[in-house]
Amino acid sequence: KAFVAGLVLKMLLLRFTALFAQAAVRSKNVEQAWWARPLHIWVHANFMARDLFISIFIFVTLTPLILLHAFNSWLRCYDLHLLLIYRDPKNLSKSTRRDELSFETLNDESDSESNSSGP
């Protein structure tokens, strides 16, 4: 817990310091100071590093899903997305399961009728 608290404190202090430095750089009185240019560069470098870290985090977290989608597109015989929304029919009540079964049989009958009445 202490390690996480230290990281949070360090990140908050860095964020506060960067915002304070950004406000100081924007001030009219600081433009002529000798330390204004290095402070301006430090502020931009800090925000660029944060943006780079966030972009890498987003890329790393989305890469597995992109690879799964690419593999699914390549496979074409089975839809892997159905594994994410699969429901176990054992948990459904008997009446709900009966309704689903009757709906499936109706669909099967309509498919067979449309195939038999073909050209």
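**Entry 1: Terms and overall fold**

I began with a definition: a helix is a DSSP run of H or I with at least four residues, and helices are numbered from the N terminus. I noted that the model is a predicted one. I then counted the elements and found four helices and zero strands in the protein chain. Read from the N terminus, their order is α-α-α-α. I looked up burial for the chain and recorded that 8% of its 119 residues are buried. I also looked up the contacts between residues at least 6 apart in sequence, and 34% of these join residues at least 24 apart.

**Entry 2: Asparagine 46**

I located asparagine 46 in helix H2, which covers residues 36-75. Is asparagine 46 buried or exposed? Its relative accessibility is 16%, and the cut-off for buried is under 20%, so I entered asparagine 46 as buried. Beyond the residues up to four places away in sequence, asparagine 46 touches Leu14 and Ala18.

**Entry 3: Leucine 14**

I turned to one of these partners, leucine 14, and found that leucine 14 lies in helix H1. Its relative accessibility is 42%, so leucine 14 counts as partly exposed. With neighbours within four places in sequence left aside, leucine 14 is in contact with Trp42 and Asn46. How far apart are leucine 14 and asparagine 46 in sequence and in space? I recorded 32 residues in sequence and 9.0 Å from C-alpha to C-alpha.

**Entry 4: The two helices**

I checked the length of H1 against expectation. At 1.5 Å a residue its 25 residues should span 36 Å, and I entered agreement because the end C-alpha atoms are 36 Å apart. The buried residues of H1 are Ala18, Ala21 and Ala24. I noted H2 as part of what covers the buried residues of H1. As background, I wrote down that an α-helix has 3.6 residues a turn, so residues three or four places apart point the same way.

I repeated the length check for H2. Its 40 residues should span 58 Å at 1.5 Å a residue, and the end C-alpha atoms are 58 Å apart, so the two values agree. Where does H2 bend? I found a bend of about 35° at leucine 62, with proline 64 following within four residues. In H2 I listed Ala36, Val43, Asn46, Phe47 and Asn72 as buried.

**Entry 5: The largest pocket**

I looked up the largest pocket and recorded a volume of about 320 Å³. Which helices each supply at least two residues of its lining? They are H1, residues 2-26, and H2. Asn46 and Leu14 both belong to the lining, and Ala18 is also among the lining residues. Others I noted there include Leu7, Lys10, Met11, Phe47 and Arg50. By type, I entered eight nonpolar residues, one polar and three charged in the lining.

Terms used:
Residues are numbered from 1 along each chain as its sequence is written. This is a predicted model: local features need pLDDT of at least 70, side-chain atom pairs count only at pLDDT 80 or more; totals for chains, interfaces and linings use all residues. Side-chain values use heavy atoms; hydrogens and water are left out. Buried means under 20% relative accessible area, exposed over 50%, partly exposed in between (1.4 Å probe, protein chains only). Contact means heavy atoms within 4.5 Å. On a 1 Å grid over the protein atoms alone, a cavity is a set of points where a 1.4 Å probe fits but cannot get out, and a pocket is an open set with protein on both sides within 12 Å along at least five of seven lines; lining residues have an atom within 4 Å of a point. Grid points are joined across faces, edges and corners, and a volume is the space filled by probe spheres set on the points. Ala, Val, Leu, Ile, Met, Phe, Trp, Tyr, Cys and Pro count as nonpolar, Asp, Glu, Lys and Arg as charged, and the others, Gly among them, as polar. The expected span of a helix is 1.5 Å times one less than its number of residues. The bend at a residue is the angle between axes fitted to the seven residues ending there and the seven starting there.
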